Amino acid sequence: MLSINMTAAREHLVIALNGEVDASNSVELDEVIQEALSGSVQKILVDGRNLEYISSAGLGVFMSYLEDFRENNVAFVIFGLNEKVMNVFHILGLDQLISIKNTQEEAEESLYDA
Amino acid sequence: MTHELKLYCEKSRLAELRSFIAEALSATQLSAISQNQLILAVEEVCANLIIHSHDCNPLSHIWLTIHLNPERIIFEIKDSGKAFNIIEYKSPEINAVVKEKRKGGLGLLLVRKIMDKIEFETDHAFNTCRLTKKLKSK
């Protein structure tokens with residue numbers, strides 16, 4: 001099960017993921033990121049505190065937007081991943097390609113101080 | 001100790017697959033991180049078969065057998081769909097995935113990084129993919 005919540009705060013959007021992302025629902029994550037990108041927002045945060053599991057289908061969604069973020073000057077930061085999920089990013093070295101922070105505070109700092 | 005699951009080829013069944021593997025692995029001394037890695041690797045192979053070899057046909061199924069030994073865990077995934085030779089499949093470079101904005105291709109890379117041995121065999125009736133994880137000897 002996956003539920004996704006998008007909220008606006010200051011100049012950024014927060015996409016909160018709740019549950020498990022796999023091949024059965026990664027398209028939902030895809031749609032939400034596409035929607036976020038279609039607006040004029042330049043800063044996107046992903047709240048991963050309640051993300052329990054992610055498979056390659058979910059990782060692939062993030063990966064497929066990295067070029068779009070770069071081309072459109074969108075800052076994209078994920079925070080709050082538990083150690084199991086963080087480990088999955090780490091296995092593929094994705095933590096080197098995507099900005100990942102421990103807390104929401106650190107994540108917001110990196111969005112606004114950059 | 002052997003555990004066996006008949007998994008119907010629908011993506012919505014992947015959660016059931018994860019619970020089944022988690023249950024089997026709960027008897028081991030593996031850390032939560034290692035257990036999650038094994039669940040992930042097996043799911044990647046099964047998701048691949050469900051989507052690409054069986055076109056998500058809910059009437060077809062694949063078999064998963066888990067053999068738990070003190071020295072190793074063996075996951076045997078058997079199906080009778082189009083043979084997909086996981087060993088011959090060439091995983092893409094991460095940089096190429098980003099550049100081409102690809103959403104797929106990372107799954108089997110994960111399997112290769114997580115498992116110690118990957119075997120594939122096919123005969124007239126079945127394709128078998130065997131994933132082995134060695135356990136630390138004391």
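Across which strands of chain A does helix 1 of chain A lie? In this predicted model, helix 1 (residues 26-38) of chain A lies across strand 1, strand 2 and strand 3 (43-54) of chain A. The direction of helix 1 of chain A is at about 10 degrees to strand 1 of chain A. Helix 4 (residues 104-113) of chain A also packs on the sheet, where it touches strand 2, strand 3, strand 4 (75-79) and strand 5 of chain A. The direction of helix 4 of chain A makes about 170 degrees with that of strand 4 of chain A.

## The sheet of chain A

The sheet beneath this description is open and has 5 strands in the order 1-2-3-4-5 (chain A), with mixed pairing. Strand 1 (2-9) and strand 5 (99-101) of chain A each have a single partner strand, so one side of each is left without a neighbour in the sheet. From one strand to the next, the twist averages 25 degrees.

Strand 1 of chain A is joined to strand 2 (residues 12-21) of chain A by antiparallel pairing over 8 bridges. Within this pair, I4(A) stands opposite L17(A), and A8(A) stands opposite L13(A). The two strands form a hairpin with 2 residues between them. In the turn, R10(A) has a positive phi of about 45 degrees. Is strand 1 of chain A largely in the open or largely enclosed? Of its 8 residues, the number buried is 0, so strand 1 of chain A lies largely in the open.

## Two helices of chain A side by side

Two packed helices are described by the angle between their axes and the distance between the axes. The axes of helix 1 of chain A and helix 2 of chain A come within 9 Å and cross at roughly 20 degrees. An angle under 35 degrees counts as roughly parallel, and helix 1 and helix 2 of chain A are therefore roughly parallel to each other. Their crossing is right-handed.

On the side of helix 1 of chain A, the residues that meet helix 2 are S26(A), L29(A), D30(A), I33(A) and L37(A). Their counterparts in helix 2 of chain A are A57(A), G58(A), V61(A), Y65(A) and D68(A). By class, this contact has 6 nonpolar, 2 polar and 2 charged residues. The spacing can be read with a general rule in mind. An α-helix has 3.6 residues a turn, so residues three or four places apart point the same way.

## The sheet of chain B

Chain B also has an open sheet of 5 strands, in the order 1-2-3-5-4 (chain B), and the pairing is antiparallel. Strand 1 (2-8) and strand 4 of chain B are the edge strands, each pairing on one side only. The twist of this sheet averages 15 degrees from one strand to the next.

Strand 1 of chain B pairs with strand 2 (residues 61-68) of chain B in the antiparallel sense over 7 bridges. One of the bridges has T2(B) and H67(B) as partners. Helix 1 (residues 14-25) of chain B lies across strand 1 and strand 2 of chain B, at about 180 degrees to strand 1 of chain B.

## Where the chains meet

The contact between the chains takes 21 residues from chain A and 26 residues from chain B. On the side of chain A, helix 2 (56-71) and helix 3 (83-91) are the elements that give two or more residues. Helix 2 of chain A gives the most, with 8 residues. The residues of this side divide into 9 nonpolar, 7 polar and 5 charged.

How many of the 8 residues of helix 4 (residues 107-114) of chain B are buried? The number is 6, so this helix is largely enclosed by the rest of the structure. The buried residues are G107(B), L108(B), L109(B), L110(B), V111(B) and I114(B). They pack against helix 2 and helix 3 of chain A, together with helix 2 (32-53), strand 4 (117-122) and strand 5 (127-134) of chain B.

## Two loop residues with positive phi

The table sets out a residue from a loop of each chain.

| Residue | Phi | Loop | C-beta atoms inside 10 Å |
|---|---|---|---|
| N73(A) | near 60 degrees | between helix 2 and strand 4 of chain A | 8 other C-beta atoms within 10 Å; exposed |
| D55(B) | about 45 degrees | between helix 2 and strand 2 of chain B | 11 C-beta neighbours inside 10 Å; exposed |

N73(A) is a residue other than glycine, and D55(B) is not a glycine either.

Terms used. Residues are numbered from 1 along each chain as its sequence is written. Chains are lettered from A and ligands numbered from 1 in the order in which they are written. This is a predicted model: local features need pLDDT of at least 70, side-chain atom pairs count only at pLDDT 80 or more; totals for chains, interfaces and linings use all residues. Two strands pair if DSSP finds at least two bridges between them. Helices (H or I, at least four residues) and strands (E, at least two) are DSSP runs, numbered from the N terminus. Axes are lines fitted to C-alpha atoms, for helices over the stretch in contact, and angles run from 0 to 180 degrees between N-to-C directions. Two residues are in contact if their C-beta atoms, placed from the backbone, lie within 7 Å. Ala, Val, Leu, Ile, Met, Phe, Trp, Tyr, Cys and Pro count as nonpolar, Asp, Glu, Lys and Arg as charged, and the others, Gly among them, as polar. A residue is buried if 20 or more other C-beta atoms lie within 10 Å of its own, exposed if 12 or fewer, and partly exposed in between; C-beta atoms are placed from the backbone. Angles under 35 degrees count as roughly parallel, over 145 as roughly antiparallel, 65 to 115 as roughly perpendicular and the rest as oblique. A crossing is left-handed if the near helix is turned anticlockwise from the far one by less than a right angle, and right-handed if clockwise.
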